[in-house]
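Me: I should like to work through the structure below by question and answer. Please reason briefly each time and close on the value or name requested.

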Amino acid sequence: MNTLEGKIAIVTGGASGIGRATALTFARAGARVVVADIDGPGAEATVEQIAAVAGDKAAVAVRADVSDSDDCRRIVQTALDTFGALHVLFNNAGIIRRTTALDLDVEEWDRVMAVNVRSVFLMCKHAIPAMTEGGSIVNTGSGWGLKGGGNAISYCASKAAVVNMTRALAIDHARAGIRVNSVNPGDTDTPMLRDEARQLGEDWAAFQTDAADRPMGRSGTPDEIAQAVLFLASDAASYITGSALVVDGGGLA
Ligand code: NAI
């Protein structure tokens, strides 16, 4: 049942990390995929990788800023124009600023909120009316959206907002056959996390093994998050909505 055969999916932030891995996983599971990212060449590169495993009609790239309403509308319209329907939306694009409240300026706070939270609202606002055959939306929270974390005040606030917005969306759209869940990764080996280690001046190998929130002694892989997203997106999760699925190797335990 973990299949997306015949389904049309949008992945935001599909040029890198978890988004790229999930776009590839969706395509391998039979979906046709709109890969949206503010990094246009990166999105094109993901589409090329999908073409290699699922053919050159399986994906299309869109350069878009998900904090912008017109861009979000254009992403949805691309799905309808290219593939004729929309069933799955993975709201994955996100950014982080590693600072306390004291060092964060208002513009940076607003940008994190716009990219991480406003984007989820905007993408859902435009995508839900297009999901006329029902659908599944997966929003990206974080372990830090559930328990908080140090030196990331705007990020923690933004991800908590995503988790609760997910519950509210799930309630509002359940009767329309649309399920809405959040996936909440722990530290996952992506360009974002490696950049954080650099910003914090930490050696990558030590960063991986030392942290108290990594009982397994390692970060997750993008593919491990992608498998959880595929489950939530697919009909295998047909009675799951409003949930916050934690994929963190025991970090919250
Ligand atoms: P990443 O930095 O590797 O990929 C994020 C992608 O989002 C990039 O391709 C970037 O260009 C795109 N993006 C950024 N701003 C955008 C915008 N305004 N419009 C469109 N695209 C935009 O990051 P990663 O690690 O793959 O993160 C993906 C999601 O997972 C994010 O929401 C992140 O907060 C979340 N997450 C990541 C964790 C980790 O340890 N890597 C842990 C928990 C959550």
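Me: What is the relative accessible area of asparagine 151, and is this residue buried, partly exposed or exposed?

Reply: The model is a predicted one. Asparagine 151 is found in the loop between α5 (143-147) and α6. Buried means under 20% relative accessible area and exposed means over 50%, with partly exposed in between. Asparagine 151 therefore counts as partly exposed, its relative accessible area being 38%.

Me: What is the approximate phi of asparagine 151?

Reply: Most residues other than glycine have a negative phi. Asparagine 151 is not a glycine, yet its phi is positive, at about 60°.

Me: Which helix holds threonine 46, and is this residue buried or exposed?

Reply: Threonine 46 lies in helix α2, which spans residues 40-54. The cut-off for buried is under 20% relative accessible area. Because the relative accessibility of threonine 46 is 0%, the residue counts as buried. The answer is thus helix α2, and buried.

Me: Which side chain makes a polar contact with the side chain of threonine 46?

Reply: A polar contact requires a pair of N or O atoms within 3.5 Å. The side chain of threonine 46 meets this at 2.8 Å, and the partner is the side chain of arginine 20.

Me: How many residues surround the ligand, and which are the closest?

Reply: The shell around the ligand has 13 nonpolar, eleven polar and six charged residues. In total, 30 residues surround the ligand, and the closest are Ser16, Asp37, Tyr155, Thr188 and Thr190.

Me: Which helix supplies the largest share of the shell around the ligand?

Reply: At least two shell residues come from each of α1 (17-28), α4 (106-127), α6 (153-173) and α7 (191-199). The largest share is three residues, and the helix that provides them is α7.

Me: Which polar side-chain atoms lie 2.6 Å and 2.7 Å from an oxygen atom of the ligand, and how much of the accessible area of the ligand does the protein cover?

Reply: At 2.6 Å from a ligand oxygen atom is a polar side-chain atom of aspartate 37. For tyrosine 155, a polar side-chain atom is 2.7 Å from an oxygen atom of the ligand. On its own the ligand has 820 Å² of accessible area, and the share covered by the protein is 92%.

Me: Which residue has a polar backbone atom 3.2 Å from a nitrogen atom of the ligand?

Reply: The limit for a polar contact is 3.5 Å between N or O atoms. The ligand nitrogen atom is 3.2 Å from a polar backbone atom, and that atom belongs to isoleucine 38.

Me: Which charged end sits over the ring of phenylalanine 207?

Reply: For arginine, the criterion is that CZ lies within 6 Å of the ring centre and within 35 degrees of the ring normal. Over the ring of phenylalanine 207, at 4.9 Å from its centre, sits the charged end of arginine 214.

Me: Is glycine 84 buried or exposed, and what separates its C-alpha atom from that of alanine 130?

Reply: Glycine 84 belongs to the loop between α3 (69-83) and β4 (88-91). Its relative accessibility is 58%, so glycine 84 counts as exposed. Glycine 84 and alanine 130 are 46 residues apart along the chain, and their C-alpha atoms are separated by 9.9 Å.

Me: Is isoleucine 96 buried or exposed?

Reply: Isoleucine 96 is placed in the loop between β4 and α4. With a relative accessibility of 9%, isoleucine 96 counts as buried.

How values were computed:
Residues numbered from 1 in each chain as written. Predicted model: local features only at pLDDT ≥ 70, side-chain atom pairs only at ≥ 80, totals over all residues. Heavy atoms only, no water. Near = heavy atom within 4 Å. Polar contact = N/O pair within 3.5 Å; in protein donor to acceptor, adjacent residues only side chain to side chain. Areas by Shrake-Rupley, 256 points an atom, 1.4 Å probe, with all protein chains shown as cover. Helix = DSSP H or I, 4+ residues; strand = E, 2+ residues; numbered from the N terminus. Nonpolar A, V, L, I, M, F, W, Y, C, P; charged D, E, K, R; others polar. Buried < 20%, exposed > 50% of the residue type's maximum accessible area, 1.4 Å probe, protein only.
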